[in-house]
Amino acid sequence: MRRVAIVGAGQSGTQLAHGLLQRGYDVTLLSAHSAEELLTGPVMSSQCMFESALQTERALGLDHWADQCPPIEAVSFTLQGDADSDGLHWIGRLDGVAQSVDQRMKISRWLTDFAAAGGDLRIQAAGVPELEELARTHDLVVVATGKGDLGRIFAPDPRRSPYDRPQRALALTYVTGMAAATTPDGATAEGATGPPAVAFSLLPGVGEYFTFPALAPSGPCDIMVFEGLPGGPMDCWGDVRTPEEHLARSLEILREHFPHEAARCEDVALTDGGGVLRGRLTPSVRRPVATLPSGARVLGLGDAVVLNDPITGQGSNNAARMVRESGGFRGEASASMRIGRGGAATSACARSARCSGRDRPRCAMG
Ligand SMILES: Cc1cc2nc3c(=O)[nH]c(=O)nc-3n(C[C@H](O)[C@H](O)[C@H](O)COP(=O)(O)OP(=O)(O)OC[C@H]3O[C@@H](n4cnc5c(N)ncnc54)[C@H](O)[C@@H]3O)c2cc1C
């Protein structure tokens, strides 16, 4: 039986681990945190996943929350007007329903199920020595450590990495009690409130704000995502220390810059003390294969090699897509990843790394 080691238990690593286990591989998965730590820790993403990405989870029997998670049926866009220009608003229906299941509960459950299904789950943060050891004992080593430092073993791809600094000051706020969205003119085919949507608002020179329904461990909620231009008025999280201060700052930003969204938030409360995140990331694309000091090669997956989010809002979707392309997907005959002892692997994953596409502490995006 071929042995695969996966380092990093996030969207890509854990999904790939399940896919390969179901295909009969002998799979070792290294997670920096236990299922319990993940479930009770801070949020990691807003993880809105669209139909084609959700399909990859469905095909592996991993979509345990499809019936409980609120559906997202549309995308709306609001460009704020000012004294000199009119605003702009549109809303469009999605072809299929999107959903956001809090990664705390998703990955926690996936880890537990992986171990129960016979996978070799190790709670351990890996460095290069551990990769060397895994390369000796496994036919392939996959590094899926997201934005963690270990991803630096993959050389940058300068042609696809034009940025040398973060492009946004980021924050997430998970809340209950948000009122349904209304359109600026109060009229859609569905009436004044419209379908549940990713409601995206853009204020030129300041930043972006978007919000959508989700499922957290405590139940249905809405996620607020703030993307402030560095140095601008939405880059204002430096003095925030507590979850309560974080919520208060979120509401200040909405009242100041996005009043149509502030009106929805008069009765909001945090889902839980872990429902906040702040940080910043430099978008980067790296080469998909790295060579360890011993000469063994390892394959990169997900954010470890293509890090764009949340600006593109596609990172989890791309992670799922990379898993499908690399063969961790039961529904398609796409297992084109070639495996040889010591980690000679390429093709489909290298292709995925060309598509556009943290650690646990709350500021670990930084
Ligand atoms: C604020 C924010 C909002 C986002 N919103 C969205 C969105 O709405 N839609 C979307 O599609 N994407 C979104 N993303 C992006 C999405 O979360 C990521 O692209 C996706 O989770 C990447 O999956 P991954 O498996 O590559 O990495 P991750 O999911 O980050 O998993 C990596 C795992 O590896 C672990 N790890 C790190 N170092 C080590 C080590 N040395 N040893 C062992 N384990 C290690 C980490 O703890 C983590 O558990 C968002 C990201 C952020 C930061």
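Trainee: How do the residues of the shell around the ligand divide into nonpolar, polar and charged?
Mentor: Sort by residue type: Ala, Val, Leu, Ile, Met, Phe, Trp, Tyr, Cys and Pro are nonpolar, Asp, Glu, Lys and Arg charged, and the others, Gly among them, polar. The shell then splits into 18 nonpolar, 17 polar and five charged.

Trainee: What kind of model is this, and from what number are residues counted?
Mentor: The model is predicted: local features need pLDDT of at least 70, side-chain atom pairs count only at pLDDT 80 or more, and totals for chains, interfaces and linings use all residues. Along each chain, as its sequence is written, residue numbers start from 1.

Trainee: Which residues are closest to the ligand?
Mentor: A residue counts as near when its C-beta atom, placed from the backbone, lies within 6 Å. The ligand has 40 residues around it. The closest are Gly10, Gly146, Gly148, Gly302 and Gly315.

Trainee: Which element gives the largest share of the shell around the ligand?
Mentor: Elements are DSSP runs numbered from the N terminus: helices (H or I, at least four residues) and strands (E, at least two). Helix H1 (11–22), strand S7 (169–176) and H8 each supply at least two shell residues. The largest share is four residues, and its source is H8.

Trainee: How many residues of helix H8 are buried?
Mentor: Buried means 20 or more other C-beta atoms within 10 Å of a residue's own; exposed means 12 or fewer, and partly exposed lies in between. Among the buried residues of H8 are Gly315, Arg321 and Glu325. Helix H8 (residues 315–325) is largely enclosed by the rest of the structure, because its buried count is 11 of the 11.

Trainee: What share of the 366 residues of the protein counts as buried?
Mentor: The protein has nine helices and 16 strands. Across its 366 residues, the buried share is 49%.

Trainee: Is Gln47 buried or exposed?
Mentor: Gln47 sits in the loop between helix H2 (35–40) and helix H3 (51–59). Its phi is near 40°, a positive value in a residue other than glycine. Most residues other than glycine have a negative phi. Gln47 has 26 C-beta neighbours inside 10 Å, so it counts as buried.

Trainee: How many Å separate the C-alpha atoms of Ala144 and Val7?
Mentor: Ala144 lies in the loop between strand S6 (140–143) and S7. Ala144 counts as buried because it has 31 C-beta neighbours inside 10 Å. Ala144 and Val7 are 137 residues apart along the chain, yet their C-alpha separation is 5.7 Å.
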